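Q: I should like to learn how the features of a structural model are read, one residue and one feature at a time. Where should we begin?

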Amino acid sequence: MRPPSGLFPGPTRPTYREAHPVTAAPLLAGLGAGVIWLALFGALARDLAGYAWWTLCAAVCAWVVAIVLALIGDRGTAVGVALASGVGLSIAVAFVGAEWITTENWPLW
């Protein structure tokens, strides 16, 4: 076998691939599950304070599930659940902040 001429060099470094890559389908499934989870918990609230507390509880539970999924389950679904809960919690915090700014009264007490 002849050594390569160097005109078309082959890969000199090894190529590493992810053992369990995150694909779009599990990520979207986790995102959908997280949105439904937060919507169900948000529907239990009667006012802004209740919505904020229910969303906080739902987000913490979702993050625990995302950690378990990342460790022993599907990492794509874990990313989707964590993404949905983070965005949902950010929306709740934005509503609380807007209420606090407009009324100058902290709405969670």
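A: Let us begin with contacts. In this predicted model, Thr77 touches Pro26, Leu27, Gly30 and Leu69, once its neighbours within four places in sequence are left aside.

Q: In which helix is Thr77 found, and with which side chain does the side chain of Thr77 make a polar contact?

A: Thr77 belongs to helix 3, which spans residues 75–103. Its side chain makes a polar contact of 3.2 Å with the side chain of Asp74.

Q: How many helices and strands does the chain have?

A: There are three helices and zero strands, and the order from the N terminus is α-α-α. Of the contacts between residues at least 6 apart in sequence, 61% join residues at least 24 apart.

Q: How many aromatic pairs are found in the whole structure?

A: The search finds six aromatic pairs. In one pair, the ring centres of Trp37 and Phe41 are 4.7 Å apart and the planes stand at 45 degrees; the pair therefore counts as tilted, because that class lies between stacked, under 30 degrees, and edge-to-face, over 60. Both residues lie in helix 1 (residues 24–42), four residues apart, or about one turn of the helix. In addition, Trp53, Trp100, Trp106 and Trp109 form one aromatic cluster.

Q: Is Phe41 buried or exposed?

A: Phe41 is buried, because its relative accessible area is 17% and the cut-off is under 20%. Trp37, at 35%, is partly exposed. Over the chain of 109 residues, 25% are buried.

Notes. Residues are numbered from 1 along each chain as its sequence is written. This is a predicted model: local features need pLDDT of at least 70, side-chain atom pairs count only at pLDDT 80 or more; totals for chains, interfaces and linings use all residues. Side-chain values use heavy atoms; hydrogens and water are left out. Helices (H or I, at least four residues) and strands (E, at least two) are DSSP runs, numbered from the N terminus. Buried means under 20% relative accessible area, exposed over 50%, partly exposed in between (1.4 Å probe, protein chains only). Contact means heavy atoms within 4.5 Å. A polar contact is a pair of N or O atoms within 3.5 Å; within protein, one must be able to donate a hydrogen and the other to accept it, and residues adjacent in sequence count only if both atoms are side-chain atoms. Rings of Phe, Tyr and Trp (its six-membered ring) pair if their centres lie within 6.5 Å; planes under 30 degrees apart count as stacked, over 60 as edge-to-face and the rest as tilted.
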